[in-house]
Amino acid sequence: MGSYLKEYDETDPISIETYAKKLVGKTFADVCREDDITKSTVVREASNYEVKHANKKRKGGLGELIEERFFHYQTNNDARSDFDKAGVELKVTPYKQNKNGKFVAKERLILTMIDYFSVVDEKFEDSHMWQKSSLILLIYYLYKKEIKDRLDYRIGYVKLFAPTEQDIKIIKHDFETIVEKIKAGKAHELSEGDTLYLGAAPKAATSKDRRKQPFSDELAKPRAFAFKNSYMTYVLNNYIIPGKSTYEPIIKENAEESFEDYVVQKINTYYDWTVTELCNKFHIEYQKKPKSLEAMLAYRMLGIKGNHAEEFEKANVVVKAIRIEKNNKIKENMSFPNFKFKELLEEEWADSTFGNYLRETRFLFVIYKYDQSGELRLKGCQFWNIPYDDLEGNVKLVWEKTQRVIREGLQIEKKNGKNYNNFPKASENPVCHVRPHARNAKDTYELPDGRQYPKQCFWLNNSYILSQLQDQFKEE
């Protein structure tokens, strides 16, 4: 295999990482320019090579370029790790800088396709997925919208990454959750919101692609095991970029039960405490009632001083407080971030902001109930993500109608000094609706026709939220 082997020892992960660190600060175009093509064992028609790898639709392009032009080995599509003799998988992945200066992973990290037929016989420790993810050489490049040729993206970080022991426990549980769903004949209902760090991510050439599954005749979307975007953002900020502050973990020592069971049990130790008692216990001034107090109390019950927990950040878990009235109803609907009218018009449902938010988010509902004397008491908590049928049924209908209303021109009527519009209402759909989420009438976004209109957002109906709660919360 040529003389280039002296550059790194292909049996030694550290040697591979040391060699790879030469990439830091370079663009992909630099890698091509500096490459001595004579070293390459790869027979390639060099003339259109760069053009081909600059094509944004070519998913594997930049990873292949690093393999072939920097490490000088032929890319393989077989099941083994990229550096098989060292047990190291190579992943080239983008990160970006948000407006607030924070670095975030641009996308989830695809590990390997899920073979619905073979995965049901695999044990986590011996699984193809774990072979591909137990030791990864991460090459992070900085994505910038204004850069048109992706060969001009610059590599910012190179580091070997292995999930921690606590992470592995959660990843294993996620793997088993996904496999159980396939065994139950529900591969077509898989969703990233089912799990915490490891997701079953959609991975199809077109939205119509479907695969067979072993325990049902229903065809399922092709999916891949992937580390979630939220997990990769955490990895970036806490393992890759040095000197970043970390969030507090919920589990500080080894726990016997699964992470979610641990959280539920920990919050259940405060069952039936009033909000006032909880505030006293955790030294929070109830009179100066902070915004989202009930959610904040959940963090305190879990032993977290701030409002960020390591596991929740990694898993994209959103804490929502639910208040049940004395009459066993819920008064409040659940709001989501505002949407911009023009942006929603450009989207397709399969990759829409709201659809993806619900697909990829796991919620922790912390449930409180008013007792007969009007005191709010803690009743417990449950993890939840939106069921597949509700998302692809009713939520999709509301989203499509909203897009249609914006496209065809929003109708606004004034009655008794109030604005009325033709966005989908709560009475029209059992799951969700659209209504304002603006601070006041001047808090607006521009409509496609140039009019300004108060900001709107999607809301889950209060009756729907109630229907999703576990029975023990509805019975009292």
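The following dialogue reads selected features of a predicted model, from helix packing to single residues.

Colleague: How should one describe two helices that pack against each other, taking helix 13 and helix 14 as the case?

Modeller: Two packed helices are described by the angle between their axes and the distance between the axes. Here, helix 13 covers residues 353-360 and helix 14 covers residues 388-408. Their axes come within 11 Å and cross at roughly 155°. Because angles over 145 degrees count as roughly antiparallel, helix 13 is roughly antiparallel to helix 14.

Colleague: Is the crossing of helix 13 past helix 14 left-handed or right-handed, and which residues of the two helices meet?

Modeller: The crossing is right-handed. From helix 13, the residues Phe354, Gly355, Leu358 and Arg359 meet Leu391, Glu392, Val395 and Trp399 of helix 14. Sorted by class, this contact has five nonpolar, one polar and two charged residues.

Colleague: What is the general reason for the spacing of such residues along a helix?

Modeller: An α-helix has 3.6 residues a turn, so residues three or four places apart point the same way.

Colleague: Which other residue touches this pair of helices, and where does Ile386 lie?

Modeller: Ile386 lies in the loop between strand 13 and helix 14. Leaving aside neighbours within four places in sequence, Ile386 is in contact with Leu358, Leu391, Val395 and Tyr464. Among these, Leu358 belongs to helix 13, while Leu391 and Val395 belong to helix 14. At a relative accessibility of 3%, Ile386 counts as buried.

Colleague: How many residues along the chain separate Ile386 from Gly193?

Modeller: Ile386 and Gly193 are 193 residues apart along the chain, yet their C-alpha atoms are separated by 7.5 Å. A second pair of this kind is Arg439 and Pro454, 15 residues apart along the chain, with C-alpha atoms separated by 8.7 Å. Arg439 is placed in the loop between strand 16 (432-436) and strand 17 (444-446). At 71% relative accessibility, Arg439 counts as exposed.

Colleague: How many residues of helix 10 are buried, and what covers them?

Modeller: The cut-off to apply is a relative accessible area under 20%. In helix 10 (residues 293-301), nine of the nine residues are buried, and the helix is mostly covered. The buried residues are Leu293, Glu294, Ala295, Met296, Leu297, Ala298, Tyr299, Arg300 and Met301. Their cover includes helix 8 (259-268), helix 9 (275-281) and helix 11, together with strand 10, strand 12 (362-370) and strand 13 (376-384). Just after helix 10, Gly303 takes a positive phi of about 80°.

Colleague: Why is helix 4 described as largely enclosed?

Modeller: Helix 4 (residues 61-69) is largely enclosed by the rest of the structure because seven of its nine residues are buried. Those residues are Gly61, Leu62, Leu65, Ile66, Glu67, Glu68 and Arg69.

Colleague: Which partner does the side chain of Glu260 join in a polar contact?

Modeller: The side chain of Glu260 is joined to that of Arg362 by a polar contact of 2.7 Å. Glu260 lies in helix 8 and counts as buried at 15% relative accessibility. Not counting residues up to four places away in sequence, Glu260 touches Leu196, Arg362 and Phe383.

Colleague: Where is His188 placed, and which residues does His188 contact?

Modeller: His188 is found in the loop between helix 6 (165-183) and strand 6 (198-202), and at 16% relative accessibility it counts as buried. The side chains of His188 and Gln213 are joined by a polar contact of 2.9 Å. Apart from neighbours within four places in sequence, the contacts of His188 are Gln213, Ser216, Glu218, Leu219, Ala220 and Tyr388.

Colleague: What sign of phi do most residues other than glycine have?

Modeller: Most residues other than glycine have a negative phi. Asn316, although not a glycine, has a positive phi of about 60°. Asn316 lies in the loop between helix 11 (310-315) and strand 10 (317-324), and is partly exposed, with a relative accessible area of 26%. Asn328, also not a glycine, has a positive phi of about 65°. Asn328 lies in the loop between strand 10 and strand 11 (334-335), and is partly exposed at 29% relative accessible area.

Terms used:
Residues numbered from 1 in each chain as written. Predicted model: local features only at pLDDT ≥ 70, side-chain atom pairs only at ≥ 80, totals over all residues. Heavy atoms only, no water. Helix = DSSP H or I, 4+ residues; strand = E, 2+ residues; numbered from the N terminus. Buried < 20%, exposed > 50% of the residue type's maximum accessible area, 1.4 Å probe, protein only. Axes fitted to C-alpha atoms, helices over the stretch in contact; angles between N-to-C directions. Parallel < 35°, antiparallel > 145°, perpendicular 65-115°, else oblique. Left-handed = near helix turned anticlockwise from the far one by under 90°. Contact = heavy atoms within 4.5 Å. Nonpolar A, V, L, I, M, F, W, Y, C, P; charged D, E, K, R; others polar. Polar contact = N/O pair within 3.5 Å; in protein donor to acceptor, adjacent residues only side chain to side chain.
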